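Please examine the sequence and the three-dimensional structure shown here. The account is intended to be read alongside them.

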Amino acid sequence: MDVRRNLPAVDTLLAHPALQQAQRYHSWRLVRQAIRMTLESERSRLADYTGRTEHQPTTLSLETLTDRALERLEQLALPSSRSVFNLTGTVIHTNLGRSALAEPAIEAMAEAARYPMALEYDLESGGRGDRDRLVEPLLCELTGAEAATVVNNNAGAVLLTLSALASGREAVISRGELIEIGGAFRMPDIMASAGCRLHEVGATNRTHARDFQTALGEDTGLIVKAHTSNYAITGFTKSVSERELAAIAHAHGVPFMVDLGSGALADFSALGLPHESQPREAIAAGADVVTFSGDKLLGGPQAGVIVGRRELIDIIKRHPLKRALRLDKLTLAALEATLRLYRDSDAPQRDIPTLAILTRPAADIAATGERLLSSAQALLDDIDVTLAPCVSQLGSGSLPVDRLPSYALAWRPLSRDRHARERCLRRMEAAFRQLPRPVIGRIHEGALTLDLRCLHRPADEDTFTAQLPALKQRYESQQDRHEENQP
């Protein structure tokens, strides 16, 4: 007999007191969906055994099915866009939303969302305005540029600039700077999409000024320098400085564009961090147009910033792609608030979360680990938890070689069997992801490592600690399900 016939009906589970109680907080429709999904999952599990003579599985009990339906209901009720703890060791993590916003930026977004705002309306004249005016004066002040415009991200900024200034002509760039960033964004592909003809010069590791001078001609539309932010070429190398390239470009009457990628508005060296190129430095060196991100080292919302000579920015703003890539009012409000912090704050490294995390002393991180260690060690019998030194990386194509000293909680299985240790790590990693506020770490050298650099606010530390009892439950549930599915 097919044991799937023994499964209860949907209405039977709906009548269970626990699921009746759940309907006080969730809609009948959502509770019913959770039950159906639970029963379908159980049918799939039992189907794996159908026709086998050596195993006679039994259906889960009504109480267990009810518990599973309640778990499913909890999952369905959660939004897809959930906050997580980023304990991966990568501070600016693309897959986890990159930079957290400063409180003034969050407040500005809430205000813009709640009320109408003077987005493209000039309050002085009462006529139509330009939305770029919300951030252009700040960007010019912070970078030394004559004019500025903003789009949805730096990839859009590069595409728009190339399309506006060099479509149908050659864009000259060093072979060693034909970058690829996450999501298969490649400079040659972007140039092709913008209608440019790529003219690469030099060799992978060495490019000289004479390579550019030889390449320039009547068909040249633009010289491009791309900041190699997510890799480093070392050894026998040579590159042409921004100042040299600006002189070559201007001598031939063509614009010089610098794509900085991340883009930092703070002097990282003064903050005790490795030096990162700033837009102000590129403008001072003679760049005509500079592009960079708003949501990486700058610590603001996702945006692409274009600054430079006014006549070129005006051309860029008139291009049809500009409207397709423009920012909405929420992002503009957050970006303006972030830029104001750079202009007005006496200590941006305190007020901008990304800078605060990057400049956090290792001793402070170790102290956080010490406070968490005893609770973590008492949690699971088959896991050893230690506090170990580690290194964090900035991430999102920023300073690919440099690392920051940090500390991590390392969760290491005690089993001597390699396969058992691997299963244990996978269950542990999954259990952390299933917490009310998921914890994202990384498996490294036989341990689940949770880098504590980004756990910098007392409220976050309290939330993390409060979730640890739930972690034990999730971990044991993972183990029970693993055993259930074994023949």
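The paragraphs below treat helix packing, then selected residues and the cysteines.

The model under discussion is predicted. Two packed helices are described by the angle between their axes and the distance between the axes. One such pair consists of helix H5, covering residues 103–114, and helix H14, covering residues 329–344. Their axes lie 8 Å apart and enclose an angle of about 150 degrees. Because an angle over 145 degrees counts as roughly antiparallel, H5 and H14 are roughly antiparallel to each other. The crossing of H5 past H14 is right-handed. On the H5 side, the contact is formed by Pro 104, Ala 105, Ala 108, Met 109, Ala 112 and Ala 113. H14 contributes Lys 329, Leu 330, Ala 333, Ala 334, Ala 337, Thr 338 and Leu 341. By character, the residues of this contact between H5 and H14 comprise eleven nonpolar, one polar and one charged.

A second pair is made up of helix H7 (residues 154–166) and helix H12 (residues 310–318), with axes 9 Å apart at an angle of about 105 degrees. Angles of 65 to 115 degrees count as roughly perpendicular, so H7 is roughly perpendicular to H12. Leu 160, Thr 161, Ala 164 and Leu 165 of H7 meet Leu 312, Ile 315 and Ile 316 of H12. The residues in the contact of H7 with H12 divide into six nonpolar and one polar, with no charged residue.

Individual positions can be considered next. Leu 468 belongs to helix H19, which spans residues 458–484. Its relative accessibility is 4%, and Leu 468 therefore counts as buried, the limit being under 20%. Which residues does Leu 468 touch, not counting residues up to four places away in sequence? They are Ser 375, Ala 376, Leu 379 and Trp 411. Leu 468 and Ala 376 are 92 residues apart in sequence, yet their C-alpha atoms are 7.3 Å apart in space.

His 208 is situated in the loop between strand S6 (197–201) and helix H9 (209–215). With a relative accessibility of 18%, His 208 also counts as buried. Apart from neighbours within four places in sequence, His 208 is in contact with Lys 238 and Val 240.

The cysteines remain. A disulfide is a covalent bond between the sulfur atoms of two cysteines. The structure contains zero disulfides. Cys 140 is buried, having a relative accessible area of 16%, and Cys 196, at 8% relative accessibility, likewise counts as buried.

Key: Residues numbered from 1 in each chain as written. Predicted model: local features only at pLDDT ≥ 70, side-chain atom pairs only at ≥ 80, totals over all residues. Heavy atoms only, no water. Axes fitted to C-alpha atoms, helices over the stretch in contact; angles between N-to-C directions. Helix = DSSP H or I, 4+ residues; strand = E, 2+ residues; numbered from the N terminus. Parallel < 35°, antiparallel > 145°, perpendicular 65-115°, else oblique. Left-handed = near helix turned anticlockwise from the far one by under 90°. Contact = heavy atoms within 4.5 Å. Nonpolar A, V, L, I, M, F, W, Y, C, P; charged D, E, K, R; others polar. Disulfide = S-S within 2.5 Å. Buried < 20%, exposed > 50% of the residue type's maximum accessible area, 1.4 Å probe, protein only.
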